[in-house]
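User: Please take me through this model by question and answer. Begin with the terms used for exposure.

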Amino acid sequence: MVGAVLLDRPDTGLEPHLYMPTAVERMCIRRRTGAKLWAHARLRTITRSPVARLVADVMIFDETGRAVAEVYGLEFRQVTHGSAVARG
């Protein structure tokens, strides 16, 4: 979700590549959810070398606007051909 949104923003300077989630600093689940959710992501970091790395905080809300979960430091890294082959 975060990576896909960022690729639509020309100000990030990111090229259309595959970005996989690789880490989470902290996660807080506040309550059970209903069927409909929405999220707000805030980009904290973009690192472009040696491979692109994105770090964002994501807040997840139910349909009434109540916070149901918070994800801090959600990290994505660009998947390159070499990294995909090396990990098999």
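Analyst: A residue counts as buried under 20% relative accessible area, as exposed over 50%, and as partly exposed in between. The model is predicted. At 56% relative accessibility, Glu-25 falls in the class exposed.

User: What pattern does the protein follow along the sequence?

Analyst: The protein has two helices and five strands. Read along the sequence, their order is α-β-β-β-β-β-α.

User: What share of the 88 residues counts as buried?

Analyst: The accessible surface of the protein comes to about 6,100 Å², and 55% of that belongs to carbon and sulfur atoms. Among contacts between residues at least 6 apart in sequence, 55% join residues at least 24 apart. Of the 88 residues, the share that counts as buried is 26%.

User: How many bridges join S3 to S4?

Analyst: S3 and S4 form a hairpin with five residues between them. One of the pairings puts Leu-43 opposite its bridge partner Ala-56 in S4. The two strands run antiparallel, and the number of bridges joining them is ten.

User: Which residue in the turn between S4 and S5 has a positive phi?

Analyst: S4 and S5 pair in the antiparallel sense over eight bridges. Met-59 stands opposite Glu-70 in S5. The two strands form a hairpin with four residues between them, and the turn residue with a positive phi, about 95°, is Gly-65.

User: Why is strand S4 described as largely enclosed by the rest of the structure?

Analyst: Strand S4 covers residues 53-62. To count as buried, a residue needs a relative accessible area under 20%. S4 is largely enclosed because the buried residues among its ten number seven.

User: Which residues form the aromatic pair, and how far apart are they in sequence?

Analyst: A search of the whole structure finds one aromatic pair. Trp-38 and Phe-61 form this pair, which is stacked, with 4.5 Å centre to centre and 25° between the planes. Trp-38 belongs to strand S3 and Phe-61 to strand S4, so the pair links distant parts of the chain, with a separation of 23 residues.

User: Of Trp-38 and Phe-61, which is buried and which is partly exposed?

Analyst: Trp-38 has a relative accessible area of 44%, which makes Trp-38 partly exposed. Phe-61 has 16% relative accessibility. The cut-off for buried is under 20%, so the buried residue is Phe-61.

User: Which parts of the protein does the salt bridge between Glu-25 and Arg-44 tie together?

Analyst: The side chains of Glu-25 and Arg-44 meet at 2.8 Å, N to O. Because Glu-25 lies in the loop between S1 and S2 and Arg-44 in strand S3, the pair ties together parts 19 residues apart in sequence. Arg-44 is partly exposed at 35% relative accessibility. The parts tied together are the loop between S1 and S2 and strand S3.

User: How far apart in sequence are the parts tied by Glu-70 and Arg-30?

Analyst: A salt bridge joins the side chains of Glu-70 and Arg-30 at 2.7 Å, N to O. Glu-70 lies in strand S5 and Arg-30 in the loop between S2 and S3, so the parts they tie together are 40 residues apart.

User: Is Glu-70 buried or exposed?

Analyst: Its salt-bridge partner, Arg-30, is partly exposed, with a relative accessible area of 47%. Glu-70 has 8% relative accessibility, so Glu-70 counts as buried.

User: Which strands does the salt bridge of Glu-75 and Arg-53 tie together, and which residues form the network that shares partners?

Analyst: The closest N and O atoms of Glu-75 and Arg-53 are 3.1 Å apart. Glu-75 lies in strand S5 and Arg-53 in strand S4, so the pair ties together parts 22 residues apart in sequence. Glu-75 counts as buried at 12% relative accessibility, whereas Arg-53 is partly exposed at 23%. The strands are S5 and S4, and the network of salt bridges that share partners is made of Glu-25, Arg-42, Arg-44 and Asp-57.

User: Which residues does Gln-78 touch, leaving aside those up to four places away in sequence?

Analyst: Gln-78 lies in strand S5, residues 67-79. At 17% relative accessibility, Gln-78 counts as buried. The residues touched are His-17, Leu-18, Tyr-19, Val-51 and Ala-52.

User: Which residues make the nonpolar surface patch of about 310 Å²?

Analyst: Val-24 lies in the loop between strand S1 (18-23) and strand S2 (26-29). Val-24 is partly exposed, with a relative accessible area of 44%. The patch is made by Val-24, Met-27 and Ile-29.

Notes
Residues numbered from 1 in each chain as written. Predicted model: local features only at pLDDT ≥ 70, side-chain atom pairs only at ≥ 80, totals over all residues. Heavy atoms only, no water. Patch = residues over 30% accessible without salt bridge, like charges linked within 9 Å, V, L, I, M, F, W, Y side chains within 5 Å. Areas by Shrake-Rupley, 256 points an atom, 1.4 Å probe, with all protein chains shown as cover. Salt bridge = Lys/Arg side-chain N within 4 Å of Asp/Glu carboxyl O. Buried < 20%, exposed > 50% of the residue type's maximum accessible area, 1.4 Å probe, protein only. Contact = heavy atoms within 4.5 Å. Pairing = 2+ DSSP bridges. Phe/Tyr/Trp six-rings, centres within 6.5 Å; stacked < 30°, edge-to-face > 60°.
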